[in-house]
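Work through the exercises below with the model on screen. Try each task before reading its solution.

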Amino acid sequence: LGLCPEGCAKELVESYRWVGNAAGGESCVLGGRWVVNASGGLESKGHPIGATGLAQCAELCWQLRGECGKRQAPGRGGAAPTPTVAMQHNFGIGGAAVVTVYRRLSTGGGATARPAAAADGKRATASRPARESVEASKLAAAAAAGGKAKSKAKGSKL
């Protein structure tokens, strides 16, 4: 993932510290930057195999919305009330590997926004990063299956 230089993972892990939040909870922070397993990790949920990815997704969305109470991770450097970016990774049966990056949407006042309705009243389409994430997932699945795939995302760097 590139969180530290090659060969320096031990030092990164040993750099952990506990950081308090406004609700009286604490988060484990690595390298002074990355909050790790604010929910207690998958084992704290019983590691439900089929629901693991969904549990991670839900937790990260709640973190970005600031809805985690004592589990709430601080924003960048503790200066922001909630994180603006979150990353999920998971390895599964058969060698499946997924990395997803989430970004908080803002309404301008710092509050998170949910998908809005388009002017015609229909549900708005996904943002470009979300579309690219779906494209990346399709490409990764095709590559894992030994197939060939091409990105359809406009301007995609995949």
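**Exercise 1. Describe how β2 pairs with β3.**

Step 1. Strand β2 covers residues 26-30, and three bridges join β2 to β3. The two strands run antiparallel. Two strands count as paired if DSSP finds at least two bridges between them.

Step 2. Find a facing pair. L30 stands opposite W34 in β3.

A note on the model: it is predicted, local features need pLDDT of at least 70, side-chain atom pairs count only at pLDDT 80 or more, and totals for chains, interfaces and linings use all residues. Residues are numbered from 1 along each chain as its sequence is written, and side-chain values use heavy atoms, without hydrogens and water.

**Exercise 2. Lay out the sheet and explain its edges.**

Step 1. Three strands form an open sheet in the order β1-β2-β3, with antiparallel pairing.

Step 2. β1 (17-20) and β3 (34-36) are the edge strands. Each has a single partner strand, so one side of each lacks a neighbour in the sheet.

Step 3. From one strand to the next, the twist averages 50° (axes are lines fitted to C-alpha atoms; angles run from 0 to 180 degrees between N-to-C directions).

**Exercise 3. Place the sheet in the whole chain.**

Step 1. The chain has three helices and five strands (DSSP runs: helices H or I, at least four residues; strands E, at least two). Their order from the N terminus is α-β-β-β-α-β-β-α.

Step 2. Of the 158 residues, 22% count as buried (under 20% relative accessible area, 1.4 Å probe, protein chains only).

How values were computed. Buried means under 20% relative accessible area, exposed over 50%, partly exposed in between (1.4 Å probe, protein chains only).
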